[in-house]
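Thank you all for coming. I would like to walk through one model this morning, beginning with a single side chain and then working outwards to the sheet and the pockets.

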Amino acid sequence: MKLIEVKTYEELSEIAANIIAAQVILKPDCVLGLATGSTPVGTYKKLAEKNKAGIIDFSAVKTVNLDEYEGLEGTHDQSYRYFMNKNLFDNINIDKKNTYVPNGCAADLEKEGKEYDELIKSLGGIDIQLLGIGVDGHIGFNEPDDFFTAATHPVVLDPSTIEANARFFASADDVPRKAITMGMMSIMQAKKILMVANGKNKFDILKASIEGPVDPKVPASILQLHPDVTVIYSEV
């Protein structure tokens, strides 16, 4: 595992975007695993700038997102499909037919999870997976648990996750209590993993994830078992 500590969020975003851009240049038809949340926004902005400047071309790229809230249509301004369109897909030359987000409105989320895993397999797997990390150590919406869940699956969100995401909604009461998330299998089978974290409130959980025991109570700790992980962290 490679740890890169930088001084600012701007630096974090630039380095992360450069790593993803290198993957696109190396393999123009690559599969990118993407994340939502506040931390990746700067990375997506940098990627859009590189695309506009002609440095990278997304026309053959395919993407798979980690997760989606249960019950939110893609047109809802707090859905992760909407987030991805606004922060990345609308700003680059990607074919949106090649961008995939789990369907949180599926009638059967267990079935949706199985089909999503099959989709990832059909694409040849993920070349590089971008991750954030929650204050409780979650990656995607894989919350602290007694075991690691392999498959894409529905999940009940931890109270700390609901509290952290409440800032995006009118109130905490409006935050969905459930979601569907990519499980550890597809994440860990990605050829490369890039995790970004910023803020002093992430330092302790990041340290536990990197240096502590591999423990499903700290979901991100499983990344210690992956052969190619880069973590970029900034305090601000």
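Is Tyr9 buried, partly exposed or exposed? Before I answer, please keep in mind that what you see is a predicted model, and that everything I quote has been computed from it. Tyr9 has a relative accessible area of 24%, and because the buried class ends at under 20%, Tyr9 counts as partly exposed. Tyr9 belongs to helix α1, and between its C-alpha and that of Pro28, 19 residues apart in sequence, there are 27 Å in space.

Asn87, which lies in helix α3, makes a useful contrast in its class, since at 18% relative accessibility Asn87 counts as buried. Asn87 and Ser13 are 74 residues apart in sequence, and their C-alpha atoms are 14 Å apart in space.

Let me turn to two cysteines. Cys30 sits in the loop between α1 (9–26) and β2 (31–34), and with a relative accessible area of 0% Cys30 is buried. Its C-alpha is separated by 9.4 Å from that of Gly125, a residue 95 positions away along the chain. Cys105, at a relative accessible area of 29%, is partly exposed. As for disulfides, where the rule asks for a pair of cysteine sulfur atoms within 2.5 Å, the count for this model is 0.

Now the sheet. We have an open sheet of 7 strands, with parallel pairing, and reading across it the order is β1-β10-β9-β6-β2-β3-β5. The edge strands are β1 (2–6) and β5 (99–100), each of which pairs on one side only. As a general reminder, the strands of a sheet pair through backbone hydrogen bonds, in either the parallel or the antiparallel sense.

Within that sheet I would like to dwell on strand β9, residues 192–198. How many of the 7 residues of β9 are buried? The number is 6, so the strand is largely enclosed by the rest of the structure. On one side, β9 pairs with strand β6 (residues 128–131) in the parallel sense, over 4 bridges. If you follow that pairing residue by residue, Ile128 stands opposite Lys192 in β9, and Leu131 has Met195 of β9 as its bridge partner. β9 also pairs with strand β10 (residues 229–234), again in the parallel sense and over 6 bridges, and here Leu194 has Thr230 of β10 as its bridge partner. Between these two strands the chain passes from β9 through helix α7 (residues 203–211) to β10, in a β-α-β crossover that is right-handed.

There is also an antiparallel pairing to show you, in which strands β7 (residues 153–156) and β8 (residues 178–181) are joined over 4 bridges. Val155 has Ala179 in β8 as its bridge partner. Along β7 the side chains alternate, with His153 and Val155 pointing to one face, where they are buried, and Pro154 and Val156 pointing to the other, where they are not.

Strand β7 leads us to the pockets. The second largest pocket has a volume of about 150 Å³, and β7 gives the most to its lining, with 3 residues. Its lining includes His153, Val155 and Val156, together with others such as Phe147, Phe148, Met184, Pro216 and Pro219. By class, the lining of this second largest pocket divides into 7 nonpolar, 3 polar and 2 charged residues.

The largest pocket holds about 690 Å³ of space. It is lined by 36 residues, of which Thr36, Gly37, Ser38, Asn165 and Phe168 are the closest to its centre. The elements giving two or more residues to this lining are α2 (40–52), β4 (67–69), α3 (80–87) and α5 (159–165). Which of the elements gives the most to the lining of the largest pocket? That is α3, with 5 residues, and α3 is also the helix in which we met Asn87. The lining of the largest pocket divides into 14 nonpolar, 16 polar and 6 charged residues.

I will stop there, and I am glad to go back to any of these points on the screen.

Key
Residues numbered from 1 in each chain as written. Predicted model: local features only at pLDDT ≥ 70, side-chain atom pairs only at ≥ 80, totals over all residues. Heavy atoms only, no water. Buried < 20%, exposed > 50% of the residue type's maximum accessible area, 1.4 Å probe, protein only. Pairing = 2+ DSSP bridges. Right-handed = clockwise from strand over helix to strand, strands pointing away. 1 Å grid on protein atoms, 1.4 Å probe; cavity = no way out; pocket = protein on both sides within 12 Å on 5 of 7 lines; lining within 4 Å. Points joined across faces, edges and corners; volume = space filled by probe spheres on them. Nonpolar A, V, L, I, M, F, W, Y, C, P; charged D, E, K, R; others polar.
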